[in-house]
Amino acid sequence: MSKPRLATVWLDGCSGCHMSFLDMDERLLEIADRADIVYSPLVDHKVFPEDVDFCLVEGAVSSEEDLHKIKLVRERTRTLISFGDCAVTANVPAMRNPIGPGPLLERAYIENVTLNPGIPLQVIPALLPTAQPVHRVVQVDVFLPGCPPSADLIYNALVDLIEGRTPDTRGARFGR
Ligand code: SF4
């Protein structure tokens, strides 16, 4: 029997949720044995593949690049998991929402800069008007809150998914 195909994606987050994923330590070997990790910042695949069974999505949807990516991920994934508070609520990235992208970029790249101030027009993806939680943009199947979610929570959720159950996240809490 083929293994389920697991992916993880990093949008507008600090990578702390992926660090917590790594905190599963030796249990990572068990997960890698029971699922094929087909796409992730932790493995060297450049293109999000077709036919992904489960995908953990870290971070809010903040840029046009995030928007394009999450739509592609949704199309190609059976069970999409909002992974951490930034994905679930927009959390830290949403702190810029009352300011608006124009004044935010001015502040970051012009007002606070002494050497060559100027808003970059290349390399940095264009910001959306606001940072949004993932479920505001595409359908989400499972919510895994926490900043970051604990390694135990991630492990238990992945085992549930691999064994065909919907993860029970009632014990999960925001902000820790
Ligand atoms: S939920 Fe917390 S740990 Fe995860 S990306 Fe956001 S700020 Fe970082």
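Me: Why is Arg27 called partly exposed?

Reply: Its relative accessible area is 24%. Buried means under 20%, exposed means over 50%, and partly exposed is what lies in between, using a 1.4 Å probe and protein chains only. The value for Arg27 falls in between, so Arg27 is partly exposed. One thing up front: this is a predicted model, where local features need pLDDT of at least 70, side-chain atom pairs count only at pLDDT 80 or more, and totals for chains, interfaces and linings use all residues. Residues are numbered from 1 along each chain as its sequence is written, and side-chain values use heavy atoms, with hydrogens and water left out.

Me: What makes Arg27 and Asp152 a salt bridge?

Reply: The rule asks for a side-chain nitrogen of Lys or Arg within 4 Å of a carboxyl oxygen of Asp or Glu. Here the N to O distance is 2.9 Å, so the pair of Arg27 and Asp152 passes. This pair also links distant parts of the chain, 125 residues apart: Arg27 is in helix H2 (residues 27-34) and Asp152 in helix H6 (residues 151-162). Helices are DSSP runs of H or I with at least four residues, strands are runs of E with at least two, and both are numbered from the N terminus. As for Asp152, its relative accessibility is 44%, so Asp152 counts as partly exposed.

Me: How many salt bridges does that rule give?

Reply: The count comes to eleven.

Me: How do you know that Arg76 and Glu50 belong among them?

Reply: Their closest N and O atoms are 3.6 Å apart, which means the pair meets the salt-bridge limit. Again, distant parts of the chain are linked: Arg76 lies in helix H3 (residues 64-76), while Glu50, 26 residues apart from Arg76, is in the loop between strand S2 (36-39) and strand S3 (52-58). Glu50 has a relative accessible area of 49%, so this residue is partly exposed.

Me: What about Arg165 and Asp160: which one is buried and which is partly exposed?

Reply: Asp160 is at 15% relative accessibility, so Asp160 counts as buried. Arg165 is at 39%, so Arg165 counts as partly exposed. Their side chains meet in a salt bridge of 2.9 Å, N to O. Through shared partners, salt bridges join Glu30, Arg34, Asp160, Glu163 and Arg165 into one network.

Me: What makes Met19 fit for a nonpolar surface patch?

Reply: Patch members have over 30% relative accessible area and no salt bridge; like charges are joined within 9 Å, and nonpolar side chains (Val, Leu, Ile, Met, Phe, Trp, Tyr) within 5 Å. Met19 has 43% relative accessibility, so its area clears the patch limit, and this value also makes Met19 partly exposed. Met19 lies in helix H1 (residues 16-22). Its patch partners are Leu22 and Leu42, and together the three have about 240 Å² of accessible area. Such areas come from the Shrake-Rupley method with a 1.4 Å probe; for residues, only the protein chains shown count as cover.

Me: Which residues surround the ligand?

Reply: Gly13, Cys14, Gly16, Cys17, Glu58, Asp85, Cys86, Asn91, Gly146, Cys147 and Pro148 do. A residue gets on this list if one of its heavy atoms lies within 4 Å of the molecule. H1 and helix H4 (85-89) are the elements that give two or more residues to this shell.

Me: What is special about the peptide bond leading into Pro148?

Reply: The bond from Cys147 to Pro148 is cis, with omega near 0 degrees. Pro148 sits in the loop between S7 and H6. Most peptide bonds are trans, and most residues other than glycine have a negative phi.

Me: Which values of phi make Ser15 and Asn116 worth a look?

Reply: Phi is positive in both, near 80 degrees for Ser15 and near 50 degrees for Asn116. Ser15 is in the loop between S1 and H1, and Asn116 in the loop between helix H5 (101-111) and S6.

Me: Buried or exposed, how do you know for Ser15 and Asn116?

Reply: Ser15 has 15% relative accessibility, so Ser15 counts as buried. Asn116 has a relative accessible area of 68%, so Asn116 is exposed.

Me: Why is Leu11 called buried?

Reply: Its relative accessibility is 7%, which means Leu11 falls under the limit for buried. Leu11 sits in the loop between strand S1 (5-10) and H1.
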